[in-house]
Amino acid sequence: MRTSLITTLMSTSLMIGCSHQVAENEGIAVDLYPVTYALDLSLGKSTPLSVEREWKQFYRTHQHDLLLKPVELKYYSKSGKEIAAGWKEELRTLGAADVSLVNASGMSQDYDVSVEVHSYRVVTPVCEYDQVDQYGSRNLGCAIESARWQSMVHPENVLIKAKGE
């Protein structure tokens, strides 16, 4: 009986002593920065062709955000309202999620029309490569979590909202 007890204790301690200890998977620190892309145009200083060219360039550069994020089209004059209404219709046709037309007349004397798109930039840590002799000593989920955060369309929805917002 005593020999079987000693054998059991020895075999248990050997199995525990030889098992590989893997570090617990921890979350990563993620920074989320609000970003606003804007285009302001004065129609008096521009030709209709140059206004259209500027809009197309802005659309090509920020197409993803214009179609998926909230967009504000502000007009400051009657001619600006016509341009903004045309842009709104164009964005709606292309499938934009949230486009609002805002009357901002009296706010600016410099511009006739402007477009703003509000987005968020996700910044994740640079993950270190695992090495064969040190497997499990670092955070195993770093690359996966970073990729998950970078692929989110609306990362701001994950944030905890303060009361009253």
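**Reading a predicted fold, step by step**

Read from start to end, this chain runs through its elements in the pattern α-β-α-α-β-α-β-β-α, and the model is a predicted one.

Q: How many helices and strands should I look for in the chain?
A: You will find 5 helices and 4 strands.

Q: Before I go further, which element has the lowest mean pLDDT, and which the highest?
A: A good habit to start with: where pLDDT is low, the predicted coordinates should not be read in detail. Here helix 1 (residues 2-18) has the lowest mean among the elements, 69, while strand 2 has the highest, 92. The chain as a whole averages 81, and 80% of its residues score at least 70.

Q: What order do the strands of the sheet have?
A: In general, strands of a sheet pair through backbone hydrogen bonds, either parallel or antiparallel. In this model the 4 strands form an open sheet in the order 1-4-2-3, and the pairing is mixed. Strand 1 (31-41) and strand 3 (98-103) are at the edges with a single partner strand each, so one side of each has no neighbour in the sheet. From one strand to the next, the twist averages 20 degrees.

Q: How many bridges join strand 2 to strand 4?
A: There are 5, between residues 70-75 and residues 113-123, and the two strands run antiparallel. To see one of the pairings, pick K74: its bridge partner in strand 4 is S114.

Q: Which helix packs on the sheet?
A: Helix 4 (residues 78-94) does, touching strand 1, strand 2, strand 3 and strand 4. Its direction makes about 160 degrees with that of strand 2.

Conventions:
Residues numbered from 1 in each chain as written. Predicted model: local features only at pLDDT ≥ 70, side-chain atom pairs only at ≥ 80, totals over all residues. Heavy atoms only, no water. Pairing = 2+ DSSP bridges. Axes fitted to C-alpha atoms, helices over the stretch in contact; angles between N-to-C directions. Contact = heavy atoms within 4.5 Å. pLDDT = per-residue confidence, 0-100.
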